[in-house]
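Me: I'd like to learn how to read a few features off a model like this one. Can we take them one at a time?

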Amino acid sequence: MQNEPFFKRDGQFYVPQPSCRGPWNPQSLHGRVIVGLLGFEIEAKHGSPDFMPARLTVDMYRLPNFDPIEIKTTVIRDGNRIRVVDAEFISGGVSMARASVQFLKRTENSPGESWHRPDWDAPRPADIPAPTDGRQGMGGMWAMRPITGGFGQPGPRKTWMSEVREMVEGVPLTPFQRVSLAADFSSPFANSSTEGLGYINSDVTVYLHRLPATEWIGFEVADHHATDGVAIGECWLYDEQGPIGQASCAALAQRRLSPGAPPPPAKA
């Protein structure tokens with residue numbers, strides 16, 4: 001599985017590879033590849049240099065298995081300044097997730113000064129030793145350079161993440177695809193506790209004011225709250241030049257299935 005792509009093409013379909021396997025059930029896909037593939041397809045078909053993908057929202061309402069996947073996109077609005085594109089993630093002929101991307105026309109910033117939170121003070125990824133814990137990055141699904149805190153530890157959490165494989169075989173990752181693929185990490189990073197990860201996210205929303213200029217994306221937990229088994233989590237996003245946006249999610253309390261257990265029901 002060393003650096004194999006997440007998907008291979010077969011005509012109009014994307015075929016999931018073993019690297020797509022998720023943490024909740026060995027027969028299901030990881031949420032990050034669902035979000036990532038939707039972002040990949042929308043950008044590939046409808047992106048352009050003049051428009052910034054300012055928001056990506058993905059609803060995940062079923063847990064896909066390893067059946068071939070088809071992504072269907074629809075242009076909702078294609079104006080001079082705003083372009084909105086929806087997409088549907090279809091696995092085995094069944095709708096499993098949907099996405100919406102809002103593209104905004106690039107122009108000049110408005111004049112004046114506005115307040116913003118201070119940028120994080122973090123060492124660069126090259127200055128942080130690679131972790132020796134094999135659990136970091138789910139055993140090699142991505143590369144990590146932890147900064148502060150971590151899973152199972154209370155208190156602030158910051159880390160760098162970098163993708164180590166292609167989304168689709170033979171297609172280099174673009175900056176937006178890197179963010180799309182990484183964004184699902186906001187849920188486990190913000191919602192995990194001293195008892196582990198007990199929440200499975202049902203959506204991801206990413207807001208970006210610019211695309212990352214480097215391969216490393218920084219995550220800083222901004223918030224987490226939960227009531228009656230419903231959690232929300234949020235992370236600030238950075239690259240090595242500074243802030244790029246934020247990622248947030250909603251999540252449900254969930255127990256991880258044991259190996260060999262039957263797959264969960266089709267609907268949450």
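Me: Is Q17 buried or exposed?

Reply: This is a predicted model, by the way. The cut-off for buried is under 20% relative accessible area. Q17 has 12%, so it counts as buried. Q17 sits in the loop between strand 2 (13-16) and helix 1.

Me: What does Q17 touch, leaving out residues up to four places away in sequence?

Reply: E4, P5, F6, F7, K8 and F66. As for distances, the C-alpha atoms of Q17 and E43 are 22 Å apart, with their positions 26 residues apart along the chain.

Me: Now a loop residue with another value. Where is V171, and why does it count as partly exposed?

Reply: Look in the loop between strand 8 (158-163) and helix 3 (175-182). Partly exposed runs from 20% up to 50%, and V171 is at 24% relative accessibility, which is why it gets that label. Beyond four places in sequence, V171 touches F40 and E166. From V171 to G233 it's 31 Å in space, C-alpha to C-alpha, and 62 residues in sequence.

Me: How do I check the length of helix 1?

Reply: Use a rise of 1.5 Å a residue. Helix 1 covers residues 31-46, so its 16 residues should span 22 Å, and the end C-alpha atoms are 23 Å apart, which agrees.

Me: How many residues of helix 1 are buried?

Reply: 14 of the 16, so "mostly covered" is a fair description under the 20% cut-off. Helix 3 reads in a similar way: seven of its eight residues are buried, so the rest of the structure largely encloses it. Those buried residues are F176, Q177, R178, V179, S180, L181 and A182.

Me: What should I look for in a nonpolar core?

Reply: In soluble globular proteins, nonpolar side chains tend to be buried together. Here the largest nonpolar core has 51 residues, and F7, L37, L38, F89 and F219 touch the most other members. Helix 1 supplies the largest share of this core, seven residues. Another core, of six residues, lies apart from it, with W120, A143, W160 and Y238 among them.

Me: Which residues does L38 touch, not counting those up to four places away in sequence?

Reply: V58, I71, A87, E88, F89, A97, R98 and A99.

Me: Last one: what lines the second largest pocket?

Reply: For a pocket, read the volume, then the lining, then its chemistry. The second largest pocket has a volume of about 300 Å³. Its lining is N109, S110, G112, S114, W115, H116 and H209. By class, that lining has six polar residues, one nonpolar and no charged.

Terms used:
Residues are numbered from 1 along each chain as its sequence is written. This is a predicted model: local features need pLDDT of at least 70, side-chain atom pairs count only at pLDDT 80 or more; totals for chains, interfaces and linings use all residues. Side-chain values use heavy atoms; hydrogens and water are left out. Helices (H or I, at least four residues) and strands (E, at least two) are DSSP runs, numbered from the N terminus. The expected span of a helix is 1.5 Å times one less than its number of residues. Buried means under 20% relative accessible area, exposed over 50%, partly exposed in between (1.4 Å probe, protein chains only). On a 1 Å grid over the protein atoms alone, a cavity is a set of points where a 1.4 Å probe fits but cannot get out, and a pocket is an open set with protein on both sides within 12 Å along at least five of seven lines; lining residues have an atom within 4 Å of a point. Grid points are joined across faces, edges and corners, and a volume is the space filled by probe spheres set on the points. Ala, Val, Leu, Ile, Met, Phe, Trp, Tyr, Cys and Pro count as nonpolar, Asp, Glu, Lys and Arg as charged, and the others, Gly among them, as polar. A nonpolar core is a set of buried Ala, Val, Leu, Ile, Met, Phe, Trp, Tyr and Cys residues joined through side-chain atoms within 4.5 Å. Contact means heavy atoms within 4.5 Å.
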